[in-house]
Amino acid sequence: MNDVYFRAVANFTYDWESWHDPDGKLVWVNDAVNRMTGFSPTECLQMEDYPLPIVFEDDRTKVEEMLRSAVAGESRNDVEFRIRTAAGEVRWMAVSWQPMHADDGQHLGIRTSVRNITERQSLREQLRLYAEHLEQLVEERTARIATLEKHRQQMEKLAALGELAAGVAHEVNNPLAGIRNAFALFRSSIDPEHEHFDLLDMVDREIERISSIIHQMYQLYRRNPQQPVDFSLSNTIRDVLCLLEPVAGRRKVELNVSPPEVTEILRLPEGEVKQVLINLVRNAIQASPVNSVVTIAVTSDSKSTEIKVIDHGSGIDEKVLPHIFEPFFTTKGELKEGMGLGLAVSKTLVETMGGTLEVETEIGKGSTFRVVLPAFTAGELS
C-alpha cells in the first residue's frame, strides 16, 4: 500500500521526475514528462538512450556528461538545458539529480527532477536585451556629452582667440589704412615706365592680403552679426565666382555650378553666406591640380538648402582632418596663402545661422565641403 501512495505522490508531482538504475538506465518516469515534452512515460521507457532523443541537439553532450557524473555518484542542482518536444517546440529546462540509497546503504540508482524554466529564460533574455539597449543608450549619451563638451571647449577657445584676434586686428587696421593711403599717393607719383613699377603691384597685393587677413580676424569675433535679408543664392554664387575667377584662372582651375540655374531664395545674412562660400571655394581652388574643376552643387527641400563645394585635389590626411576647423591651423605652409582662419570663420558663421558645415574627403580623389543652411521663409527671422 505504501508503494501505491509513494507512486501517486511521484506521479502528481509538478516536476518531471525520473528514476534511473545505478547504470543510468531509466526505470520509471512520472506523468509530468508528457505535459512538459509531449512524450508519454511509456515512450520514454522504450527509448534506449533516454533522455537524449528529447534533448535539443546542441545540448546532448551536456546531458551525457550530466548522466556520467550522476552514475559516478555526484549530485548537482539547477543545470540548464533545452529539449525539443514531440511537437518540435524548443523549451528550456533545469535539472537536479542525486544518488538514492536504501537504509542498508545499497545504491538504488539516481533520481532526477526537471523543471520547465522557459518563461524564466525568456525573462532573462528580455533582461539581457534590455541591458544591452540600456548600455547602448548610455554609450550614445556619453558620446553625446563628450561631443558637447568638446564643442563647448572649442567655442571657448574660439571666443578667447577671436577676442584676441579682434583686438590685434583693430590695432593693425589703423596703421594699415595709413600705409595704404600713403602708398596710393606714392604710387600715383611714379612713372609707369619706371623699371621697378611692377613691384608696386606686388606691394599692393600684399597690402590687400593683409587687409583680408584682418577682415577674417574680425569675423572670428563678430559682436554684431548681420541681419537676415531675402536674397537670391544664384546672385551670391555669381558674385563669388566673379571675385575668385582671377585666382582660378592663375591656377587653371574651372569653376562650375550645378545645376546651372540656381533658383533658391534664402532669408539669411547674405554677406556671411557669401563669405563662407568665398572661403570654401578659394580653399578648393588652392587644393586643386591644374586643369581640374571645382563644383558648387546646390540642392534644397522644404527644411534646408545644401551647398557642396567639391574639389578633385589630393584629399585631407586623416591625421589633419580633426583639426581643420581650428583657428590658426593651416596646411599651406609658412602662411603664404592664409592664417588658417577661413574654415574656423566659416564654421562659426554657418553654426550662428543655425546650419552645419562638414567635410567628406578621400586621399587622392579630393574633398567635399557640405554646408546645410536652414530654409527660412520671409518673416521667420528678424
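Serine 18 stands opposite valine 29 of strand E2, in a model that is predicted. The two strands brought together here are E1, which covers residues 16–20, and E2, and they pair in the antiparallel sense over three bridges. This pair belongs to an open sheet of five strands, arranged in the order E2-E1-E5-E4-E3 with antiparallel pairing. Strand E2 (26–29) and strand E3 (76–84) each have a single partner strand and stand at the edges, so one side of each is left without a neighbour in the sheet. From one strand to the next, the twist averages 30°. As a general point, the strands of a sheet pair through backbone hydrogen bonds, and the pairing may be either parallel or antiparallel.

Taken as a whole, the chain contains nine helices and 12 strands. Of its 382 residues, 37% count as buried, while the chain exposes about 22800 Å², of which carbon and sulfur atoms supply 54%. If one takes the contacts in the chain with a separation of 6 or more, residues 24 or more positions apart account for 60% of them.

Which residues have the most contacts inside the largest nonpolar core? They are Ile237, Ile285 and Leu373, in a core of 40 residues. Several elements each supply at least two residues of this core, including helix H7 (233–250), helix H8 (270–287), helix H9 (342–352) and strand E12 (366–374). H8 gives the most to this core, with eight residues. Apart from it lies another core, of 25 residues, among them Val63, Ile83, Val95 and Trp97.

Leucine 373 can be followed further, for among the residues it touches beyond four places in sequence are Leu266, Leu268, Val273, Thr305, Ile307 and Val350. One of these partners, threonine 305, has its place in strand E10. Is threonine 305 buried or exposed? Its relative accessible area is 3%, and because the limit for a buried residue is under 20%, threonine 305 counts as buried. Leaving aside neighbours within four places in sequence, threonine 305 is in contact with residues including Leu233, Glu264, Val298, Val371 and Leu373.

The helices H8 and H9 pack at an angle of about 145°, with their axes 9 Å apart, and H8 passes H9 in a left-handed crossing. The contact is made by residues including Glu272, Val276 and Leu280 of H8, together with Leu343, Leu349 and Val350 among those of H9.

Some backbone angles deserve a separate look. Most residues other than glycine have a negative phi, and most peptide bonds are trans. The table lists four places that can be read against that background.

| Place | Feature | Angle |
|---|---|---|
| Tyrosine 50 to proline 51 | cis peptide bond | omega near 5° |
| Serine 258 to proline 259 | cis peptide bond | omega near -5° |
| Aspartate 78 | positive phi, not a glycine | phi near 60° |
| Asparagine 291 | positive phi, not a glycine | phi about 65° |

Proline 51 has its place in the loop between helix H3 (41–45) and helix H4 (60–71), whereas proline 259 is found in the loop between E7 and E8. Aspartate 78 lies in strand E3 and, at 30% relative accessibility, counts as partly exposed. Asparagine 291 is found in the loop between H8 and E9, and at 65% relative accessibility asparagine 291 counts as exposed.

Definitions and conventions: Residues are numbered from 1 along each chain as its sequence is written. This is a predicted model: local features need pLDDT of at least 70, side-chain atom pairs count only at pLDDT 80 or more; totals for chains, interfaces and linings use all residues. Side-chain values use heavy atoms; hydrogens and water are left out. A nonpolar core is a set of buried Ala, Val, Leu, Ile, Met, Phe, Trp, Tyr and Cys residues joined through side-chain atoms within 4.5 Å. Buried means under 20% relative accessible area, exposed over 50%, partly exposed in between (1.4 Å probe, protein chains only). Helices (H or I, at least four residues) and strands (E, at least two) are DSSP runs, numbered from the N terminus. Contact means heavy atoms within 4.5 Å. Two strands pair if DSSP finds at least two bridges between them. Axes are lines fitted to C-alpha atoms, for helices over the stretch in contact, and angles run from 0 to 180 degrees between N-to-C directions. Accessible areas come from the Shrake-Rupley method with a 1.4 Å probe; for residues, only the protein chains shown count as cover. A crossing is left-handed if the near helix is turned anticlockwise from the far one by less than a right angle, and right-handed if clockwise.
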